[in-house]
Amino acid sequence: MSTDRATFGSKLGVILATVGCAVGLGSIWRFPYMVGENGGAAFLLVFIICTVLLGLPIMITEFFIGRHSRSNAAGSFKKLAPHTKWPLIGYNGVLAAFLILGFYAVVSGWTLEYVWQAMSGNLSGKSAADFTTDFQAFSSSVFRPILWTAVFIGITHYIIAAGVEKGIERASKIMMPALFLILLVLCIRSVTLPGVKEGLTFLFRPDFGKITSSVILSAMGQTFFSLSIGMGCLITYASYFGKDTNLQTTAVQVTVLNTLVALLAGIMVFPAVFSFGIEPTAGPELVFITLPNIFEQLPFGSAWSFIFFILLALAALTSTISLHEVATAYVHEEYQVPRKFAAWVVSIGVFIIGVFASLSFGVLKDFTIGGLTIFNALDFLTAKIMMPLGGMMICVFVGLRIDKKILKEELTNHGTIPFYFFHTYAFFIKYLAPLAIGLIFINELGIIAY
Ligand code: PFF
């Protein structure tokens with residue numbers, strides 16, 4: 001079985017692949033729209049608190065499980081706790097990966113439409129209102145978004161089935177820093193726009209009155225989604241880490257980079273939102289209607305938008321690969337079917353979900369589940385329920401089942417590197433994290449009942 005599992009060639013490869021899994025549409029597309037929908041800086045503050053107190057410790061814990069057990073999201077629990085119900089945590093993760101990929105592929109498809117539009121010169125010479133109506137016309141249409149969704153799933157499928165992750169790893173060595181650079185350029189352009197004061201105030205000056213239970217749940221969900229935690233993806237990746245990979249510093253690096261990218265995305269989007277009179281609460285379309293306006297303000301605007309959307313598509317691709325891998329590895333290993341067949345099962349299933357998610361911006365707009373469109377319901381279910389629940393159970397599992405000595409051995413590479421705050425960390429995952437996540441759930445349920 002191990003022959004067709006991916007391996008990471010170099011230290012940099014490990015970090016890049018894990019950063020690639022974490023950094024994606026979550027930071028650049030989802031983060032700004034969540035900030036916009038949840039009252040700005042108040043959301044950012046809770047997001048950062050969740051990242052430090054929950055995100056980082058849970059990531060370290062997933063790294064522990066993955067490298068210690070050296071198997072996939074479900075298999076790792078079977079190995080560490082045979083003949084128990086703990087592997088249910090892994091199944092929850094696999095199902096989450098499958099559902100996320102369904103709606104994530106739709107947004108990934110949108111990035112391809114913008115690459116296409118930039119190439120054909122259609123993005124220049126338009127007003128802010130035009131960008132909004134054009135996007136709405138596109139996203140609510142039937143065929144085009146579904147076509148791009150199919151193309152994106154097809155590319156992901158090809159990479160997974162042909163096992164060419166190495167090429168992607170190599171490409172992301174250039175693409176990731178390039179994406180970072182272009183985000184910086186766009187931030188600079190954005191903060192020289194007239195709406196800068198309003199935009200940065202919205203993003204950075206918290207109005208504590210806006211911290212409601214639903215804002216807290218959304219911020220926690222964003223932390224999980226954006227760091228790819230709580231669903232076994234990082235367990236799977238860590239199972240490929242080398243003996244000498246420093247799990248603690250890798251987790252810190254991934255968390256810091258991911259948060260930095262999200263902050264840059266926020267700084268890029270909000271001054272522009274206020275300059276061009278766009279509603280911060282526009283939802284999933286926010287980034288797609290804001291960015292073309294910034295490109296319009298740059299010399300060679302179409303070229304910039306072309307490069308940006310290619311890089312964004314690549315950032316999305318490194319995440320869709322990781323999501324697909326979680327589901328494919330599971331089907332392949334658990335049902336003992338050939339890997340290629342498993343990949344087809346996943347791709348076809350995901351495409352079907354993608355079709356419904358895409359149509360929920362148009363013809364299925366009025367079909368709602370608990371007041372949410374199919375797209376939003378998938379997002380809600382995975383980011384706000386399945387991932388935090390998975391994260392909570394991962395902490396409970398390690399807290400209850402794993403001997404602290406073994407935990408420390410693995411996290412210090414058998415005593416060769418220090419772990420200064422080990423006891424604080426162990427306390428966090430055993431008590432604080434499960435309690436905090438539990439309380440956030442209960443609090444939100446109370447509100448729903450109310
Ligand atoms: N963290 C990714 C992003 O922010 O775009 C999304 C994601 C990838 C979530 C992989 C979960 C996952 F397993």
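This briefing covers the overall build of one chain, two helix contacts and the surroundings of a ligand. The model is predicted. The chain's secondary structure comes to 18 helices and 2 strands. Helix α12, residues 247–275, appears in both contacts described here.

**Overall build**

- The C-alpha atoms fill a box of roughly 60 × 50 × 45 Å along the principal axes.
- The radius of gyration of the chain is 21 Å.
- A compact globule with 450 residues would have a value near 22 Å, so the chain agrees with that expectation.

**Helix α2 against helix α12**

- Helix α2 spans residues 25–37.
- The axes of α2 and α12 come within 9 Å and cross at roughly 60 degrees.
- Angles under 35 degrees count as roughly parallel, and 65 to 115 as roughly perpendicular. The two helices are therefore oblique to each other.
- The crossing of α2 with α12 is right-handed.
- From α2, the contact uses S27, I28, F31, P32 and V35.
- From α12, the partners are N258, V261, A262, A265, G266 and V269.
- Sorted by class, this contact of α2 with α12 holds 8 nonpolar residues, 3 polar ones and no charged ones.

**Helix α3 against helix α12**

- Helix α3 spans residues 41–69.
- The axes of α3 and α12 come within 9 Å and cross at roughly 135 degrees.
- Angles over 145 degrees count as roughly antiparallel, and 65 to 115 as roughly perpendicular. The pair α3 and α12 is therefore oblique.
- α3 and α12 also make a right-handed crossing.
- The α3 side of the contact consists of T51, G55, L56, M59, I60, F63, F64 and R67.
- The α12 side consists of L247, Q248, T250, A251, V252, V254, T255 and T259.
- By class, the contact of α3 with α12 has 9 nonpolar, 6 polar and 1 charged residues.

**Around the ligand**

- The ligand has 16 residues around it.
- Of these, G24, G26, S228, C233 and S319 come nearest.
- Five elements each give two or more residues to this shell: α1 (11–22), α2, α5 (88–119), α10 (213–227) and α14 (301–334).
- Helix α2 thus has two roles in this briefing: it meets α12, and it contributes to the shell around the ligand.
- The shell divides into 9 nonpolar and 7 polar residues, with no charged ones.

Note on methods. Residues numbered from 1 in each chain as written. Predicted model: local features only at pLDDT ≥ 70, side-chain atom pairs only at ≥ 80, totals over all residues. Axes fitted to C-alpha atoms, helices over the stretch in contact; angles between N-to-C directions. Helix = DSSP H or I, 4+ residues; strand = E, 2+ residues; numbered from the N terminus. Left-handed = near helix turned anticlockwise from the far one by under 90°. Contact = placed C-beta atoms within 7 Å. Nonpolar A, V, L, I, M, F, W, Y, C, P; charged D, E, K, R; others polar. Near = placed C-beta within 6 Å. Rg over C-alpha atoms; globule rule 2.2 N^0.38 Å.
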